[in-house]
Structure formats: structure tokens, C-alpha cells
Amino acid sequence: MTDTAGRPDQDERFMRIALDLAARGLGNTWPNPAVGCVIVKDGRILGRGWTQPGGRPHAETMALEQAGAMARGATAYVTLEPCSHHGKTPPCAEALITAGIARCVAAIEDPDPRVSGKGFAMLREAGLAVQEDCLSLAAADLNAGFLMTRQQSRPLVTLKLAVSLDGRIGTHAGDSKWITSPLSRQRTHLLRSRNDAIMVGSNTALQDDPELTCRLPGLPLRQPIRIVLDGRLRLSLTARVVATARENPTWIITREDAEGARLRAFQDCGVDVIPVRPDAAGLPDLVEALQELAARGLTRILVEGGGKLAASLIRADLVDRMIWFRSASVIGGDGLPAIAGFGVDVVAEAPRWRRIRADILGDDLLETFVRAH
């Protein structure tokens, strides 16, 4: 018996499983997308797979290996169009054909010009039944970073803020540890594990000397790239992100006219320095910086501070998602604002956001927003 047709409810059920598998790879598969795949025959799952660290092996390869000879005549549920080009591994579309898959249900088309419909065409030419657009919105949301790099040549940017009830990230004296609860900080580390990189401004790096690592039990290998936006290379060579750059990669984005000896000193410490042109304010141009990060393969950036960097990104309309941790404390008007001023004269001109989720974390509130275009 071959699975050449399926019910919409059954297709969505198995695609949800594939999406859950794909989510396991977030933050760990760049420059490749995080893809999930399940092989199903007669309502039974024969193989499961998701993209492995660094992007290889692909999800289809993993699932087919589990299914073995039983894959013949089965249905493959894949969260992204199977690739059709030869790279470090043969095309996944070719692997599905060779395995004898009878039907492929996919969530979304791969916008990569090397694929972009060619994978579906290869499957159809081989006689497979192909169904597209199964849970496409959920799949596009999960792989929003990869899609953005292909469509807008920049990574997905998520701004994370941990603030008091009155929107402060520190006292007037600069103290900021700890505004939110241990439970909220654990959630922050989980967020770090699901992003390719963490970015902070030079003021935050200088004041807090952060590690910018994921410190959750069981996730020692889920370490994001650490990025500091430092136009004048003010960061100390003894800062923790510099001192540990050979163990956990650190990138510094600076102006293209940065002082040569200082730049080489960071490079000697194992830091990757990325020069970009200055903007009108004399700071590293954010658009060019994000384009450079996308060119290096990054798809998802978590921005953790500070207020000036947050304001610059919002003013430039470069923040796609905002994750706002709010504690049950009040610091007062002389505290440090979460977002610096960026010239809004009338309320109607203020950037708008749409809340899509709210979670209670003890006494803290975690809200997730997306840009309301």
C-alpha cells in the first residue's frame, strides 16, 4: 500500500510534528535553515529527522535513514521544500526519490535561488505526488530568519529587554543586576540557545563585562556567536568576550576607519573584526552591519542591549521581534531607560507593535511583540 493521498487533518497533524522537530535546530544550523521531516506510512511514523548542527546532515537524510527500506511508498512531511542542488551532500529531493517515497507534503517553498521550486519540480518529474502550503504560516514563522536572509539580505533581529515596571534597565548609578528573576534569566538563556548570535553595544559590554553565553544545563554546545557593536574599539582586551574568543567566537563590528594597531590587537586575541562604513552620526552603519552578518551565514540575531543600540535599531526599522521581560520593581525616573530617545515628536509617529504572546514567570511578565507594519 502506498500513501498517495492524505486527509487535511492528518497532513496537518504530521506537519506539526515535523515543525516541532525543526525547532530543535534553531540557533544551531546556520547558515542552513532549521528543517524537520517525518516519514509516514499507513498512519505510522517510520522516521524522524531535523537539521543537524552546522546544517548537515539534512532533516530528510536523518528521517530516511531511520525509515530504511520501509520508506518505499510512504509520505514525507517536510517543513521546507527539499533541496535540489548538489552541495556538500546530494540533493534531498533526489534522496526522497531514490528511497521510493510516493508523496511529499511540504510547508513552504525554499526561496534560495538554487532551489526555489526546483525541488518540487524534481519530485513531480519522478512521479511523486506533491502537496505544498501545509501549515505554511507556522513554517514561515519558524524559519523567519532564513527567509529574511534570502529575501532582505539581513538576519531576523529580536530585541530582548529586561526592565522594571517603569521601563528602566538600571539605576542612576549604573547597577543592573538583577532586575528580573532567576526564572526570567533562565528563559533568556533558552532564547540565546535558539539564536545564531547575541549582539550588544559597546556601552553594555564596557559596563557589564558580560559573558554572552548560554548557561543552561544540557546545552553546553549551544553557544551563539557573540557580537559587540563598537565603532571606536573601546572594548578592553581583557573583557571576558575577548579573553574567551578562541573558545566561544566573538565578532566586533566597528567603523571601516578604525585604528589599525588597535584592530590588529583584537585579531591577535582571536576576535573577528568586521569593519563597516560609518552612518551620518559617525556610528557603524547598522544596515551594512546586518548585511555583513547575513553574508557570513547568520540568520537570527538576539540583541540584548543597551538603550542606544535599541533606539538606533528601532529608528531604522530593523527590529522584527521584541521580547520584553518586566519585573515587579520600580527604579524611578533617574534610572537608565530601556530605550534611548530617537526623536519621536508626536504619538502618531511612534513605531507600533503587536503583542502575540504573554507569559507569567513568577512575579515577572514576559511579552512577545512583532512589528505592526
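**Exercise 1.** In this predicted model, find which residues have the most contacts inside the largest nonpolar core, and which elements build that core.

*Solution.* Start with the core itself: it holds 38 residues. Met15, Val38, Ile39, Tyr77, Leu96, Ile101 and Leu123 have the most contacts inside it. Next, look for elements that put in two or more residues: the helices are α1 (8-23), α2 (59-67), α3 (92-98), α4 (118-125) and α6 (144-151), and the strands are β1 (36-41), β3 (75-78) and β4 (103-106). Finally, pick out the top contributor: α1 gives the most, with five residues.

**Exercise 2.** Work out which residues Val38 touches once you skip its neighbours within four places in sequence.

*Solution.* Take the lower numbers to begin with: Val38 is in contact with Phe14, Ile17, Ala18 and Leu21. Then go up the chain, where Val38 also meets Gly47, Arg48, Thr75, Ala76 and Tyr77.

**Exercise 3.** Track down a second core, separate from the one above, and say how many residues it has.

*Solution.* Leu159, Leu286, Leu298 and Leu309 are among its members. Counted in full, this core has 30 residues.

**Exercise 4.** Does the radius of gyration agree or disagree with a compact globule?

*Solution.* The chain has 373 residues, so a compact globule would come out near 21 Å. The chain has 23 Å, which agrees. Now add the box: along the principal axes, the C-alpha atoms fill roughly 70 × 45 × 40 Å. As for burial, 51% of the residues count as buried. Last, check the contacts between residues at least 6 apart in sequence: 71% of them join residues at least 24 apart.

Terms used:
Residues numbered from 1 in each chain as written. Predicted model: local features only at pLDDT ≥ 70, side-chain atom pairs only at ≥ 80, totals over all residues. Heavy atoms only, no water. Rg over C-alpha atoms; globule rule 2.2 N^0.38 Å. Buried < 20%, exposed > 50% of the residue type's maximum accessible area, 1.4 Å probe, protein only. Contact = heavy atoms within 4.5 Å. Core = buried A, V, L, I, M, F, W, Y, C linked by side-chain atoms within 4.5 Å. Helix = DSSP H or I, 4+ residues; strand = E, 2+ residues; numbered from the N terminus.
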